[in-house]
Amino acid sequence: MFPEELFALASMVALPGWAVLILAPRRWPVVLAVPGLLIPALLSALYAGVVLARFAAAEGGFETLADVRLLFADDWALLAGWVHFLAFDLMIGALVAVRMDRAGVDRITQAPVLVVTFLFGPMGLLLALLVEGGLRPWRAFAPIREV
């Protein structure tokens, strides 16, 4: 396969994971294992294969911004970078979803936070932490519920 085909394949593999996080009920651990473990593991295997097979031939590196630009001028290195983002952002999305569930954040509020995490990984993580943290002061005044 060529980089463009693998790019499309990796993107198609990641999307169901986000759909599960945003739309599916999370009461069964196996459901969360799909976006939290299974899909990131598959993407990580693709990443490892691309890096091991093609990275040595790429010019550039990580020492300067110019080196990174040169590295990512290579389609295989750019593909590896994209798959890296897909795998890590999905895994962070799963962790964010679990944290927000535990904090009692409703699913309607979680959905846009997860979309931001999908599109802008670290910004979504920051937003999730702010939403979760913003609820803590209000929880101190909430009535205690009998279980």
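On one side of helix α1, Glu4, Met12 and Leu23 are exposed. Bear in mind as you look that this is a predicted model. The other side of α1 has its own set of residues: Pro3, Leu6, Ala10, Ser11, Ala14, Gly17, Trp18 and Leu21 are the buried ones. Looking down the axis of α1, you will find these buried residues within an arc of 130°, so they line one face of the helix.

How does the length of α1 work out? The helix runs over residues 3–23, and its 21 residues, at 1.5 Å a residue, should span 30 Å. The C-alpha atoms at its ends are 30 Å apart, so the expected span and the model agree.

You can try the same check on helix α4, residues 75–103. Its 29 residues should span 42 Å at 1.5 Å a residue, and the end C-alpha atoms lie 41 Å apart, which agrees. Both ends of α4 deserve a look. At its start, Asp74 extends a side-chain oxygen to within 2.9 Å of the backbone nitrogen of Trp76. After α4 comes Gly104, with a positive phi near 85°.

Now turn to the surface. Leu15, Val115, Phe118, Leu119, Phe120 and Met123 make a nonpolar patch of about 550 Å². Which helix gives the most to this patch? That is α5, residues 107–139, with five residues. One of the patch residues, Val115, sits in α5. Val115 has a relative accessible area of 36%, and because exposed means over 50% and buried under 20%, Val115 counts as partly exposed.

Key. Residues are numbered from 1 along each chain as its sequence is written. This is a predicted model: local features need pLDDT of at least 70, side-chain atom pairs count only at pLDDT 80 or more; totals for chains, interfaces and linings use all residues. Side-chain values use heavy atoms; hydrogens and water are left out. Helices (H or I, at least four residues) and strands (E, at least two) are DSSP runs, numbered from the N terminus. The expected span of a helix is 1.5 Å times one less than its number of residues. A polar contact is a pair of N or O atoms within 3.5 Å; within protein, one must be able to donate a hydrogen and the other to accept it, and residues adjacent in sequence count only if both atoms are side-chain atoms. Buried means under 20% relative accessible area, exposed over 50%, partly exposed in between (1.4 Å probe, protein chains only). The arc is that of the directions from the helix axis to the C-beta atoms. Patches are made of residues with over 30% relative accessible area and no salt bridge: like charges are joined within 9 Å, nonpolar side chains (Val, Leu, Ile, Met, Phe, Trp, Tyr) within 5 Å. Accessible areas come from the Shrake-Rupley method with a 1.4 Å probe; for residues, only the protein chains shown count as cover. A salt bridge is a side-chain nitrogen of Lys or Arg within 4 Å of a carboxyl oxygen of Asp or Glu.
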